[in-house]
Amino acid sequence: MKILLALAIIILDLPFSLFTGEGTRHPLPAAMPGGIAVFDADNDGLLDLYFPNGAPLPSGVKTTSAHSNRFFHNDGNLRFTDRTADSGLAGTGYDIAATAGDYDHDGLTDLLVSGVGGITLYRNLGNGRFADVTAKAGLDNHGRWSVGAAWLDYDRDGHLDLFVVNYVQWDAATERACVVDGRPDFCHPRFYTAQPNALFRNDGHGGFIDVSKASGIAAHAGKGMAAAVADFNGDGYPDIFVSNDRVFNFLFQNTGKGTFEEVAFDRGVAAPASGDPPSAMGVDAQDYDNDGRTDLIYTALRDETFPLYRNQGADFQDAAVPSKMGVLTRPMNGWGVVFADLDNDGWKDVAVARGDVLSPRGARGDRVREPLSWFRNLGNRQFALGGNFAAPVAQYRGLIAADLNNDGCLDLVATALGQPARVVPGQCPGAHGWLKVDVREVGARVQVGQQWRQVSATQGYASSCQCPLHFGLGLAGTVEVRVTWPSGRVREWKAVKPNQTLDAQP
């Protein structure tokens, strides 16, 4: 049996520690930071790193450089330089998530940062500099607490629209004191009021129009933790899945007429087969069984498992039991999650950032830290526990899989509360080939041999990877590649050799 070497590798701790602002009290936002954005900010062929950061609570205002969001330029060979000071990306409030995408079609990747006080849009100016254009673009999340966002072209007009994931109503002045096992700790989400998500349509001229009500999105209040966008029913329009914290999930099905219908119960993804909505956290959507349909996985807390849904076309199958993911993940707490072929065998594995939601200062503080784990795809719609990565145990939150040094192996980037952000270098079997397909248009679908991937603006919890699509090829000599853009345009390549990056820009 192949084992991904969890092994004797050197973990890179970046010079940045995630600030929570917890203090002697336990305000809910302190349990939540840790998003990551991975993208090529300067188009030099190397993926850069961006980390939103917290701030003192209850003010939620950054006061020192220790609270700054951080931007690291990739210098190659897994070396990174902190360029926050000159980037304009340091931020001012309590930030949690970041989503990368080129909303203005100028060839430079921009950033949407989400946090306790709302959202901030940073336009990439080139030369490593960004400008806050939130007000100019007309984006207003009305002060709601956002834990993530997703770029998508929901109306297929060629311009990236914005879906914002909103969590709960939180007010420091009315924050209640909660107790777990006789000691103060974070409160359960049942004590907070649900919020509707938001949808903003790109007007094609650098601005956005709030269509939350007109689209039907605002009619559904939830406690959103993450979103995954994909054409789940194959009608050519992107749909939106939202994982909700201890309330039923949402699946907003695109009607193709500028509106969405909430169909989570009809499609079988509102909750696991038990019917009890778990503490749904991060979510990822890709085709794990190579049948051409986009599947779903999301993380949850101990005894809730990490639900896995297999897309069957008309509906989804709760695949937790047949896939073995249910029994494997029951004792675990999860946040970030990604489908990623970590051993390049042609089957997408699952990597998870683990850690409890409770405070390290609480009664269960000695149990809140957990490892980064991976689940190996056996190729028969089942998974096996591949092991834990060599990184120290921690309260992990964000997780991204990306090839940071262009060696053909996927590396992991992870954040943890109160600890440095970490890069775990990938180690994949040298005999296995790989292919990266560089197609950046969100919603595009790529087929390599019998594998499928979609270009997505979100990954896991509060995180984003605007990266070339990575395919493990196993021992295959050559493969055929097919790219389908949202416009319907198709391009094919025959007999593509492994171990290269294929430029698939329109």
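## Strand pairing and overall build of a predicted model

Strand 6 (residues 95–101) pairs with strand 7 in the antiparallel sense, over six bridges. This is a predicted model. The protein chain holds six helices and 40 strands. Its radius of gyration is 21 Å, close to the 23 Å that the globule rule gives for 506 residues, so the chain is as compact as a globular protein of that length. Strand 7 is treated in most detail below, followed by strand 10, selected residues and the backbone.

**Whole chain**

- The C-alpha trace of the protein chain spans about 65 × 50 × 50 Å along its principal axes.
- Of the 506 residues in the protein chain, 62% are buried.
- Take the contacts between residues at least 6 apart in sequence: 59% of them join residues at least 24 apart.
- The protein chain exposes about 18000 Å², and carbon and sulfur atoms supply 49% of that area.
- The protein chain carries 44 positive and 58 negative charges. The mean positions of these two sets are 4 Å apart.

**Strand 7 and its partners**

- Strand 7 covers residues 110–115. Six of its six residues are buried, so the strand is largely enclosed by the rest of the structure.
- In a regular strand the side chains alternate between the two faces of the sheet.
- Asp 110, Leu 112 and Ser 114 point one way from strand 7. Leu 111, Val 113 and Gly 115 point the other way. Residues in both sets are buried.
- On the strand 6 side, Ala 100 has Leu 111 of strand 7 as its bridge partner.
- Strand 8 (residues 118–126) runs antiparallel to strand 7, and five bridges join the two.
- Ser 114 is matched with Ile 119 in strand 8 as its bridge partner.
- The link from strand 7 to strand 8 is a hairpin through two residues.

**Strands 10 and 11**

- Strand 10 (residues 146–152) is mostly covered, with seven of its seven residues buried.
- Strand 11 (residues 161–166) pairs with strand 10 in the antiparallel sense, over six bridges.
- Within this pairing, Trp 151 stands opposite Leu 162 of strand 11.

**Asn 202**

- Asn 202 is found in strand 15 (residues 198–202).
- The relative accessible area of Asn 202 is 1%, so the residue is buried, the cut-off being under 20%.
- Beyond its neighbours within four places in sequence, Asn 202 is in contact with Tyr 103, Asp 157, His 159, Leu 160, Asp 161, Gly 207 and Phe 208.
- Asp 161 and Leu 160 are thus among the contacts of Asn 202, and residue 161 begins the range given for strand 11.
- Arg 397 is 195 residues from Asn 202 in sequence. Their C-alpha atoms are 30 Å apart in space.

**Ile 11**

- Ile 11 lies in the segment before strand 1 (12–17).
- Leaving out neighbours within four places in sequence, the contacts of Ile 11 are Ala 390, Ala 391, Arg 422, Val 423 and Val 424.
- Met 281 is 270 residues from Ile 11 along the chain, and 25 Å separates their C-alpha atoms.

**Backbone points to check**

- Most residues other than glycine have a negative phi, and most peptide bonds are trans. The next items depart from that pattern.
- The peptide bond from Leu 57 to Pro 58 is cis, with omega near 20 degrees.
- Pro 58 sits in the loop between strand 3 (48–51) and strand 4 (70–76).
- His 142 has a positive phi, near 55 degrees, in a residue other than glycine.
- His 142 belongs to the loop between helix 2 (134–137) and strand 10.
- With a relative accessible area of 54%, His 142 is exposed, since exposed begins over 50%.
- Asn 290 has a positive phi as well, near 55 degrees, and is a residue other than glycine.
- The loop that holds Asn 290 lies between strand 22 (283–286) and strand 23 (295–298).
- Asn 290 counts as buried at 15% relative accessibility, whereas His 142 is exposed.

Terms used. Residues are numbered from 1 along each chain as its sequence is written. This is a predicted model: local features need pLDDT of at least 70, side-chain atom pairs count only at pLDDT 80 or more; totals for chains, interfaces and linings use all residues. Side-chain values use heavy atoms; hydrogens and water are left out. Buried means under 20% relative accessible area, exposed over 50%, partly exposed in between (1.4 Å probe, protein chains only). Helices (H or I, at least four residues) and strands (E, at least two) are DSSP runs, numbered from the N terminus. Two strands pair if DSSP finds at least two bridges between them. Contact means heavy atoms within 4.5 Å. The radius of gyration is taken over C-alpha atoms; the globule rule is 2.2 Å times the number of residues to the power 0.38. Accessible areas come from the Shrake-Rupley method with a 1.4 Å probe; for residues, only the protein chains shown count as cover. Lys and Arg count as positive and Asp and Glu as negative; His and the chain ends are not counted. The place of a charge is taken as NZ of Lys, CZ of Arg, CG of Asp or CD of Glu.
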